[in-house]
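Reader: Hi, I have a bit of time before my next meeting. Could you walk me through the charged side chains in this one?

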Amino acid sequence: FISSKDALALRTSVGLSYSQTRKLHRFVKKRGVKIESERKQREVQQDIQAAEFDVKTETLTDAQGKTTKTSVVHIKNLPDFIYKTLDKYDDNKELTWHDNGIPEDEIWIKLGGDHGGGTFKLMLQVGNVKHPNSKFNTFLIAIVNTKDSADNLKKIIRDPFKKQIDELQQAEWKGKKIRVFLFGDYDFLLKMFGISGAQSTHPCLWCKATSQQLQHPRQVQTNCPRTVANIKRDYGKYQRHGKQKKK
């Protein structure tokens, strides 16, 4: 006999849909193994989600530029979830430092965003596993039915997670420092760093070269790195001296 909790863990670990799970039910039933009902599994799943996730209403901007109240689902306690995930990886001996690719005293946590199918998803990955980009090592920590505009991202990511990420940046797990990184497509990263876009005058995340200079890479000077500090400084200059329409 397989309980609903164990059946849910089995279905999640191998990435089965409910229709595929039904086929598994029929297969094992013929061999004398009973799995608790799908209804019971859904009840267990709802209990888990209620315990770990929160729902709040935010005023966001839709694809037509109109403001609308939208529900944002996000994990309640991000540090606690990460510590539990690291404990599970450690118990299963799945943690790795990629042949010194990651310093031995560090744990790398990746936070990434992706928009598709009308929804924006915020995801988490642990870099210290063999296949950190695998779907089985990617955890959904927030989802909302909206476009991923810069203003929307502030409300979806900053408000529920900023303090928690600040806490993680100062935290340790089993004597190892935690470092938090961003991942995602170029458009997402530009929005997160407050850069206008790939068509802007300075579209590079790493240097302050202009879009025209980037047409001739060998002429680009490498002594003008872009940092969060000079992004903020340049933004202040633009607010004071930029075109009125763009301010």
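Author: Happy to. Keep in mind that this is a predicted model. A good place to begin is Arg-179, which forms a salt bridge with Glu-106, with 3.6 Å between the closest N and O atoms.

Reader: Where do Arg-179 and Glu-106 lie?

Author: Arg-179 is in strand β7 and Glu-106 is in strand β3 (residues 106–116), so the pair ties together parts that are 73 residues apart in sequence.

Reader: And is Glu-106 buried or exposed?

Author: Glu-106 is buried, because its relative accessible area is 10% and the cut-off for buried is under 20%. Arg-179 is partly exposed, at 38%.

Reader: Which residues do salt bridges join into one network?

Author: Asp-148, Asp-187 and Lys-191, through salt bridges that share partners.

Reader: How many salt bridges does a search of the whole structure find?

Author: Ten. Another of them pairs the side chains of Asp-90 and Lys-174, at 2.6 Å from N to O.

Reader: Which parts does that pair tie together?

Author: Asp-90 lies in helix α4, while Lys-174 is in the loop between β6 (172–173) and β7 (176–184), so this salt bridge links parts 84 residues apart in sequence.

Reader: What about the accessibility of those two?

Author: Asp-90 is partly exposed, with a relative accessibility of 28%. Lys-174 counts as exposed, at 53%.

Reader: Which salt bridge does Asp-80 form?

Author: Asp-80 forms one with Lys-84, and their closest N and O atoms are 3.2 Å apart.

Reader: How many residues apart are Asp-80 and Lys-84 in helix α4?

Author: Four, so about one helical turn separates Asp-80 from Lys-84. That helix, α4, covers residues 78–91.

Reader: Buried or exposed, those two?

Author: In between. Asp-80 is partly exposed, with a relative accessible area of 31%, and Lys-84 is partly exposed too, at 47%.

Reader: Remind me, why do such side chains pair up at all?

Author: Side chains of opposite charge can pair when their charged atoms come close.

Reader: Fair enough. Which residues gather in a patch of positive charge on the surface?

Author: Lys-23, Arg-26, Lys-30 and Arg-31 make up that positive patch. Patch members are residues with no salt bridge.

Reader: Where is Arg-31 found?

Author: Arg-31 sits in the loop between α2 (18–29) and α3 (38–52). Its relative accessibility is 54%, so Arg-31 counts as exposed.

Reader: Let's switch to nonpolar side chains. Which residues make a nonpolar surface patch?

Author: Leu-182, Phe-193 and Val-228 make one of about 240 Å². Phe-193 belongs to the loop between α6 (186–192) and α7 (228–241), and Phe-193 is partly exposed, with a relative accessible area of 34%.

Reader: One last thing, Gln-164. Which helix does Gln-164 lie in?

Author: Gln-164 is part of helix α5, residues 150–169. With a relative accessible area of 13%, Gln-164 is buried.

Reader: Which backbone oxygen does the side chain of Gln-164 reach at 3.4 Å?

Author: The backbone oxygen of Lys-76. The Gln-164 side chain also has a polar atom 2.8 Å from the backbone oxygen of Pro-160.

Reader: Great, thanks! That gives me plenty to look at.

Conventions. Residues are numbered from 1 along each chain as its sequence is written. This is a predicted model: local features need pLDDT of at least 70, side-chain atom pairs count only at pLDDT 80 or more; totals for chains, interfaces and linings use all residues. Side-chain values use heavy atoms; hydrogens and water are left out. Patches are made of residues with over 30% relative accessible area and no salt bridge: like charges are joined within 9 Å, nonpolar side chains (Val, Leu, Ile, Met, Phe, Trp, Tyr) within 5 Å. Accessible areas come from the Shrake-Rupley method with a 1.4 Å probe; for residues, only the protein chains shown count as cover. A salt bridge is a side-chain nitrogen of Lys or Arg within 4 Å of a carboxyl oxygen of Asp or Glu. Lys and Arg count as positive and Asp and Glu as negative; His and the chain ends are not counted. The place of a charge is taken as NZ of Lys, CZ of Arg, CG of Asp or CD of Glu. Helices (H or I, at least four residues) and strands (E, at least two) are DSSP runs, numbered from the N terminus. Buried means under 20% relative accessible area, exposed over 50%, partly exposed in between (1.4 Å probe, protein chains only). A polar contact is a pair of N or O atoms within 3.5 Å; within protein, one must be able to donate a hydrogen and the other to accept it, and residues adjacent in sequence count only if both atoms are side-chain atoms.
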